[in-house]
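Here is a friendly walk through one protein chain. Keep the 3D view open and turn it as you read.

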Amino acid sequence: MRNFQLPGRSSTYSKHGMVATSHPIACTVGLEILKSGGNAIDAAIAMSFVLPICEPQSTGLFGDVFAMIKLGNSDKIIGLNGSGKAPMKISGETLREKGLSRIPEDSVESITMPGAIAALESLNNRYGTLDLNQLTKPAIDYATNGIVVSPRVAFDWNYSFKNLKGIAKEIYLDKGKPYSVGSVFKSPGQAEVLKKIAQKGLEGFYDGEVADDFITSLSKLGGVHSYDDLHAVSVEYVDPCKLNFKGFELFEMPPNGQGITAILMTKMLEKLNISNLESDCSERIHLEAEVAKLAYNSRDSMIADPKFYDMNYDHFFSDEVVNNLIRKISTDKVLDQTNFQNFSSHKDTVYLTVVDKDRNMISLIFSIFNSFGSGFASENYGILFHNRGAGFSIDQGHPNEIRGGKRPLHTIIPAFLRKKGEFIMPFGVMGGQYQANGHARLISNIIDFGMDIQEAIDSPRSFPEDGFLKLEVGYSDSIAKELESKGHNIIRPDQPIGGAQAILNNVLTDTLIGGSDPRKDGLAIGY
């Protein structure tokens, strides 16, 4: 139990239903859906529609969605891949001919097809009880009448507004400046798009005026995106990958997402007996950083769209692979940074989770990759284009080499943790590349160190990125010095590392326990 004389927040407890996400207004929208008779999937869809208004820097209608769903008393967990593909006319060869060595994050070549709306409509058709007209209404109201900008959103806006280009500056700036705390952001263009989705579903988004806006705007930027590419957008239901460890089961999405990287890290940390250490000691931070470097390097070498690359997932996190990687780790010095690939750094995503009275559960993550995506917006409706294609490689022969009709390596990963007969927990960690590391740390906090949900989320974070070990201010200077003595190049990041939400269903008492990251503006709330 936390010390109530110190700043902090308690986990949220309720009986009937609960929602958790990074913005309070999106939480209230989801809770209202639950209390009015909608199920968890309905609430998640309504929250997803409103979050691009709440946090336009983090997500948008032209983005991608991944989700995991568990229905009622069923034991089965279902994965949904709603990530878009590269346009058919693009290839690594054509980009290499332009002299590129990687895909620029602010280029039209980084813009892949938008999978989010196809994913949300599919969820609605398969598992929802309310129609899209009802589920889009809160978002349409907020987009039309405005939403008050909250502190973390204003912080991110100010941090990243220079990413905006062209017409996006007119739409996402307030008289040329980033929106500030307490100012009101309106998005009438998004309201119009949402109305079309409400009336016609996929046809209102992937055809007609919205499709014209998408294709025409990208063509003017030099893109090769076509109507055929839009019409080919589809979602895929998949079986999650599962890790059994210490009496628990961790469920992660298979590639093209990085979920198996979280499984690999979890197995490595288990083999290193991380639970024998103190939760906040420098030894734990060091081992986690070294594990992350090795796991992410494996990720960047091997994970790709399975339609184009035949990968043995089980071998990726097998005992043989884990033991070979662990042999490279020293307890008193860092691995050579020059052996590791560099990856695109980004920090903006939204994650939400909902559990309803019938114990339908959903874990959903929704992103436009970088802050404000590519920085470009469509000319008519002002919808931001994501830049998920920056996750591709253009190295010839690489498993993740960009190719028309191919999905890129994705960082966003929803997850579930279960202990049979005791609890099941949908959870997710925001923060771009950090997410696989964040999954491993969050469940380690819970399983290895006995933290409750909120404490596990609150706990300070670290992450090796761009040749530095990023260390949040929750760690002392003495810890930083101990890490420096092992060879880590310490940096105190000017932004917090990621965010997280989780809802635990205690099967024994049939109660819900939720947590939401104080690094964001959101909360967990139930009834």
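## Charges and overall build

Let's start with charge: the protein chain carries 53 positive and 63 negative side chains, and the centres of those two sets sit 1 Å apart. Keep in mind that this is a predicted model.

Now for the overall build. The protein chain holds 18 helices and 19 strands. Its radius of gyration is 22 Å, close to the 24 Å that the globule rule gives for 527 residues, so the chain is as compact as a globular protein of that length. If you lay the C-alpha trace along its principal axes, it spans about 60 × 60 × 45 Å.

## Inside and outside

How much of the protein chain counts as buried? Of the 527 residues, 63% do. On the outside, the chain exposes about 19300 Å², and carbon and sulfur atoms supply 49% of that area.

The chain also brings distant parts of its sequence together. Take the contacts between residues at least 6 apart in sequence: 73% of them join residues at least 24 apart.

## Helix α8 and its neighbours

Find helix α8, which runs over residues 188-200. It has 13 residues and reaches 19 Å from its first C-alpha to its last, close to the 18 Å expected at 1.5 Å a residue. Its buried residues are G189, Q190, A191, V193, L194, I197 and A198.

What do the buried residues of α8 pack against? Their partners are α2 (40-54), α4 (116-127), α5 (132-145), α7 (167-172), α9 (202-206) and α10 (208-220). Just after α8 comes G201, with a positive phi of about 65 degrees.

One of those partners, α4, is worth a stop of its own. S122 lies in helix α4. Its relative accessibility is 12%, so S122 counts as buried. Leaving out residues up to four places away in sequence, S122 touches V235 and Y237.

## Two more helices

Helix α16 covers residues 435-447. Its 13 residues reach 18 Å from first C-alpha to last, close to the 18 Å expected at 1.5 Å a residue. As for its surroundings, 13 of the 13 residues are buried, so α16 is largely enclosed by the rest of the structure.

Helix α13 has 21 residues, which should span 30 Å at 1.5 Å a residue; the end C-alpha atoms are 30 Å apart, which agrees. Here 17 of the 21 residues are buried, so α13 is also largely enclosed by the rest of the structure.

## Two loop residues to compare

Is I111 buried or exposed? At 0% relative accessibility, I111 counts as buried. You'll find I111 in the loop between α3 (92-97) and α4. Setting aside neighbours within four places in sequence, I111 is in contact with P87, L218, H225, S374, F385 and H386. Here's a nice one to look for: I111 and G389 are 278 residues apart along the chain, yet their C-alpha atoms are separated by 5.5 Å.

Now hop over to V507, in the loop between β17 (499-506) and β18 (511-516). V507 has 43% relative accessibility, so it counts as partly exposed. Beyond its neighbours within four places in sequence, V507 is in contact with G421, E422, F423 and I424. V507 and A118 are 389 residues apart in sequence and 33 Å apart in space, C-alpha to C-alpha.

## Backbone oddities

Most residues other than glycine have a negative phi, and most peptide bonds are trans. Keep that in mind for the next few spots.

K246 is not a glycine, yet it has a positive phi of about 50 degrees. This residue sits in the loop between β8 (241-245) and β9, and at 39% relative accessibility K246 counts as partly exposed. N273 isn't a glycine either, and its phi is positive too, at about 55 degrees. Look for N273 in the loop between α12 and α13 (282-302); with a relative accessible area of 44%, N273 is partly exposed.

Where is there a cis peptide bond? One joins P255 and N256, with an omega of about 25 degrees. N256 has its place in the loop between β9 (248-252) and α12 (259-271).

Methods. Residues are numbered from 1 along each chain as its sequence is written. This is a predicted model: local features need pLDDT of at least 70, side-chain atom pairs count only at pLDDT 80 or more; totals for chains, interfaces and linings use all residues. Side-chain values use heavy atoms; hydrogens and water are left out. Helices (H or I, at least four residues) and strands (E, at least two) are DSSP runs, numbered from the N terminus. The expected span of a helix is 1.5 Å times one less than its number of residues. Buried means under 20% relative accessible area, exposed over 50%, partly exposed in between (1.4 Å probe, protein chains only). Contact means heavy atoms within 4.5 Å. The radius of gyration is taken over C-alpha atoms; the globule rule is 2.2 Å times the number of residues to the power 0.38. Accessible areas come from the Shrake-Rupley method with a 1.4 Å probe; for residues, only the protein chains shown count as cover. Lys and Arg count as positive and Asp and Glu as negative; His and the chain ends are not counted. The place of a charge is taken as NZ of Lys, CZ of Arg, CG of Asp or CD of Glu.
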